[in-house]
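Reader: Hey, got a minute to walk me through this one? I'd like to get a feel for it before I set anything up.

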Amino acid sequence: AGIGIYSARQNRAEMANKYGGTPVTEEAVDRGLEYLYKNQKKDGSWTGKDKDDGGGYATTGLATLAFLGAGYRIDSLHKYAKTIQKAVSFMVEHTPNGVVDLKGIRAPMYSQSIITLALVEAYNAGGAPIREHVEKCVNTIINAQSNSGGWRYGLKPGDADMSVTGLAFIALKSATYADIFNR
């Protein structure tokens, strides 16, 4: 079942009980996933209202993380398998050579980090056969790190921003669990 940061959710009922989940919270998760399932676009994406999200890249990453966080895998038989597969295909297609497609995005490191996190988790905890592509996405984050140690909005090293740095760090931390990034 993988060792990613979401792999504990493979036994969702036990984890919900252990950490204070209730039937009400689990129903809310199920209703949220059902909403995402019904509102996924044909190309596998979801589009948010944030103009910086360009083609729905970060939104698609976050929606994919919701399914993975609920314990659903890309390689298992369940209602959401094709939903996750389409989302992963969309994210891989829109990160050629591991770099987010810049179409309409003013702050691409947000999308780069979220997509990388989603793809790392889809690979590690979700069973997607995309290791080489994930490595390219991780390398993009590494190469965008500034001399001060953080990340900023663009893909070229510059100064740092806490929100972007936090997202990049989370993606890289997840990549350590997948044995893709070991620093």
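Author: Sure. One cut-off to start with: buried means under 20% relative accessible area, exposed means over 50%, and partly exposed is in between. Keep in mind that this is a predicted model.

Reader: Ok, so where does Lys173 fall, buried, exposed or partly exposed?

Author: Lys173 has 40% relative accessibility, so it counts as partly exposed.

Reader: And which helix is Lys173 in?

Author: Lys173 is part of helix H7, which covers residues 162-177. Across the fold, its C-alpha is 8.9 Å from that of Leu117, although 56 residues separate the two in sequence.

Reader: Let's zoom out. How many helices and strands are there?

Author: The chain has 7 helices and 0 strands. Read from the N terminus, the order is simply α-α-α-α-α-α-α.

Reader: What share of the residues is buried?

Author: 46% of the 183 residues count as buried. The accessible surface is about 9400 Å², with 54% of that belonging to carbon and sulfur atoms.

Reader: And the long-range contacts?

Author: Take the contacts between residues at least 6 apart in sequence: 65% of them join residues at least 24 apart.

Reader: Now the core. Which residues touch the most other members of the largest nonpolar core?

Author: Val88, Leu119, Val138 and Trp151 do, in a core of 41 residues. Helices H2 (23-39), H3 (57-69), H4 (81-93), H5, H6 (131-143) and H7 each put in at least two residues. H5 gives the largest share, with 7 residues.

Reader: Is H5 mostly enclosed or open to the outside?

Author: It is largely enclosed by the rest of the structure, because 15 of the 17 residues of H5 are buried. H5 covers residues 108-124 and reaches 24 Å from first C-alpha to last, close to the 24 Å expected at 1.5 Å a residue.

Reader: What is Leu119 in contact with, leaving aside neighbours within four places in sequence?

Author: Its contacts are Val88, Met91, Val92, Thr95, Ile130, His133, Val134 and Cys137.

Reader: Switching to charges. How many salt bridges does the count come to?

Author: The count comes to 5. One of them pairs Lys79 with Glu34, with the closest N and O atoms 2.9 Å apart. That pair links distant parts of the chain, since Lys79 sits in the loop between H3 and H4 while Glu34 is in helix H2, 45 residues apart. Lys79 has a relative accessible area of 48%, so it is partly exposed.

Reader: Any within a single helix?

Author: Yes, Glu135 and Arg131 form a salt bridge with closest N and O atoms 2.9 Å apart. Both lie in helix H6, 4 residues apart, about one turn of the helix.

Reader: Why does that spacing work for a helix?

Author: An α-helix has 3.6 residues a turn, so residues three or four places apart point the same way.

Reader: And how accessible are those two?

Author: Glu135 is partly exposed at 29%, and Arg131 is partly exposed at 28%.

Reader: Which residues end up in one network through shared salt-bridge partners?

Author: Let me start with one pair: the side chains of Asp161 and Arg152 meet at 3.7 Å, N to O. Salt bridges that share partners join Arg152, Asp159 and Asp161 into one network.

Reader: Is Asp161 buried or exposed?

Author: Asp161 has 14% relative accessibility, so it counts as buried. Arg152, with a relative accessible area of 27%, is partly exposed.

Definitions and conventions. Residues are numbered from 1 along each chain as its sequence is written. This is a predicted model: local features need pLDDT of at least 70, side-chain atom pairs count only at pLDDT 80 or more; totals for chains, interfaces and linings use all residues. Side-chain values use heavy atoms; hydrogens and water are left out. Buried means under 20% relative accessible area, exposed over 50%, partly exposed in between (1.4 Å probe, protein chains only). Contact means heavy atoms within 4.5 Å. Accessible areas come from the Shrake-Rupley method with a 1.4 Å probe; for residues, only the protein chains shown count as cover. The expected span of a helix is 1.5 Å times one less than its number of residues. A nonpolar core is a set of buried Ala, Val, Leu, Ile, Met, Phe, Trp, Tyr and Cys residues joined through side-chain atoms within 4.5 Å. A salt bridge is a side-chain nitrogen of Lys or Arg within 4 Å of a carboxyl oxygen of Asp or Glu.
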